[in-house]
Amino acid sequence: MSTALDSLLDLLDLERIEQDIFRGTSRSAVVPRVFGGQVAAQALVAAGRTVPADRSAHSLHAYFLRMGDPGAPIVYTVDRIRDGRSFTTRRVVAVQHGQPIFHLSASFQTYEDGLEHQAEMPAAPDPETLPTAAEMRPRYADRFSDPGMVDRLVEARAAVDLRYVDAPPFGTVGEPREPRSQVWFRTNGKLADDPLLHVCMATYVSDMTLLDSVLLAHGRGGWAVGDVVGASLDHAMWFHRPFRADEWLLYDQESPSASGGRGLGQARIHTQDGRLAITVIQEGVVRVPR
């Protein structure tokens, strides 16, 4: 297991300070604020720790309310909204400096058999044939005005082996493309056999690249390049089938719309053997600097 993955697992191991109140810390991000995927993953950890072990997360809906301060702890308060025969619902509010910065609702379900069908997995190359982040880094170093940005980008994602099928947005600045992006990802090391951990890890990664397809449609390189500014607004995920975040997952992403200073990304995540594991939808602020 990599040191970066160890560090990320420590972040997700929240401190319990009351029965339904938890405290988490943050790690450095590419930009000077708390990474949205971290807050979402920590909130889901908090919710999951108040739910019976036989109930798995099947959906979450979240709003990013304020920019998080990476230098201050985040307090997560869980409300036990409902405990039904099959479903459990939790609401989590993340607070910093006395103000809510994030709100999450999550639902958990006991396992049951039912009707089965799924969308077909799209074509994609074998992830082992694609360049790693470290191998891609020299290719795009000249795209960033800040020479340390590439190193910070790689460091922020070091816990995850994330491989782009095609060039990332910062690799084709000024060249509008189809608003679609694919990446393969898995953690840089094995994880414990805890379904909640795998769901939380996928939640963490899901915020890394989902709005890439918005940028591609307009030939923009992204927040790291500095030709757009933005942030996540809301985030929704549905967990359809069991998966492991330490095994390859294909993140197939597209953007159906951008308007009003906002961009929408939607995606499906498949296991390498073709099972549809997760559906994700996210809207974010995407503005051109004046």
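Here is a walk through this predicted model, from its main pocket to its salt bridges and then its core.

Let's start with the empty space. Rolling a probe the size of a water molecule over the atoms shows where such space is left. Here, the largest pocket comes out at a volume of about 1,100 Å³. Its lining counts 33 residues, and if you want to find the middle, look for S56, Q109, Y111, F239 and H240, which are the closest to the centre. Several elements chip in: strands β3 (55-64), β6 (99-110) and β9 (229-239), along with helix α5 (195-209), each give at least two residues to the lining. As for chemistry, the lining splits into 15 nonpolar, nine polar and nine charged residues.

Next, the charged pairs. Side chains of opposite charge can pair when their charged atoms come close, and this structure has 14 salt bridges. Take R186 and E128, whose closest N and O atoms sit 3.6 Å apart. R186 belongs to strand β8 (residues 180-187), while E128 is in the loop between β6 and α3 (133-140), so this bridge ties together parts of the chain 58 residues apart in sequence. Both ends are partly exposed: R186 has 23% relative accessibility, and E128 has 47%.

Strand β8 also carries R180, and the side chain of R180 meets that of D252 in a salt bridge at 2.9 Å, N to O. Again the link is between distant parts of the chain, with D252 in strand β10 (residues 249-259), 72 residues from R180. Buried or exposed, what is the status of D252? With a relative accessible area of 13%, D252 falls under the 20% cut-off, so it counts as buried. Its partner R180, at 34%, is partly exposed.

A third bridge joins R275 to D273, with 3.4 Å between the closest N and O atoms. D273 is exposed, at 58% relative accessible area, whereas R275 is partly exposed at 32%. Salt bridges also come in a network, which links K190, D193, R244 and D246.

Now for the inside. In soluble globular proteins, nonpolar side chains tend to be buried together. The largest nonpolar core in this model has 67 residues, and the ones touching the most other members are Y76, F102, M201 and I278. Follow I278 and, beyond its close sequence neighbours (those within four places), you'll find contacts with A202, M237, W238, F239, H240, F243, A267, R268 and I269. Two of those names, F239 and H240, should ring a bell from the centre of the pocket.

F239 turns up once more around T203, a residue of helix α5. Leaving out neighbours within four places in sequence, T203 touches G37, A40, A41, L44, L60, M237 and F239. Why does T203 count as buried? Its relative accessibility is 1%, and anything under 20% is classed that way.

One last stop is Q272, in the loop between β11 (262-271) and β12 (276-287). Q272 is partly exposed, at 44% relative accessibility. Set aside its neighbours within four places in sequence, and Q272 has contacts with M121, D126, P127, W184 and W248. The last of these, W248, is 24 residues away from Q272 in sequence, yet their C-alpha atoms are 5.8 Å apart in space.

Conventions
Residues are numbered from 1 along each chain as its sequence is written. This is a predicted model: local features need pLDDT of at least 70, side-chain atom pairs count only at pLDDT 80 or more; totals for chains, interfaces and linings use all residues. Side-chain values use heavy atoms; hydrogens and water are left out. On a 1 Å grid over the protein atoms alone, a cavity is a set of points where a 1.4 Å probe fits but cannot get out, and a pocket is an open set with protein on both sides within 12 Å along at least five of seven lines; lining residues have an atom within 4 Å of a point. Grid points are joined across faces, edges and corners, and a volume is the space filled by probe spheres set on the points. Helices (H or I, at least four residues) and strands (E, at least two) are DSSP runs, numbered from the N terminus. Ala, Val, Leu, Ile, Met, Phe, Trp, Tyr, Cys and Pro count as nonpolar, Asp, Glu, Lys and Arg as charged, and the others, Gly among them, as polar. A salt bridge is a side-chain nitrogen of Lys or Arg within 4 Å of a carboxyl oxygen of Asp or Glu. Buried means under 20% relative accessible area, exposed over 50%, partly exposed in between (1.4 Å probe, protein chains only). Contact means heavy atoms within 4.5 Å. A nonpolar core is a set of buried Ala, Val, Leu, Ile, Met, Phe, Trp, Tyr and Cys residues joined through side-chain atoms within 4.5 Å.
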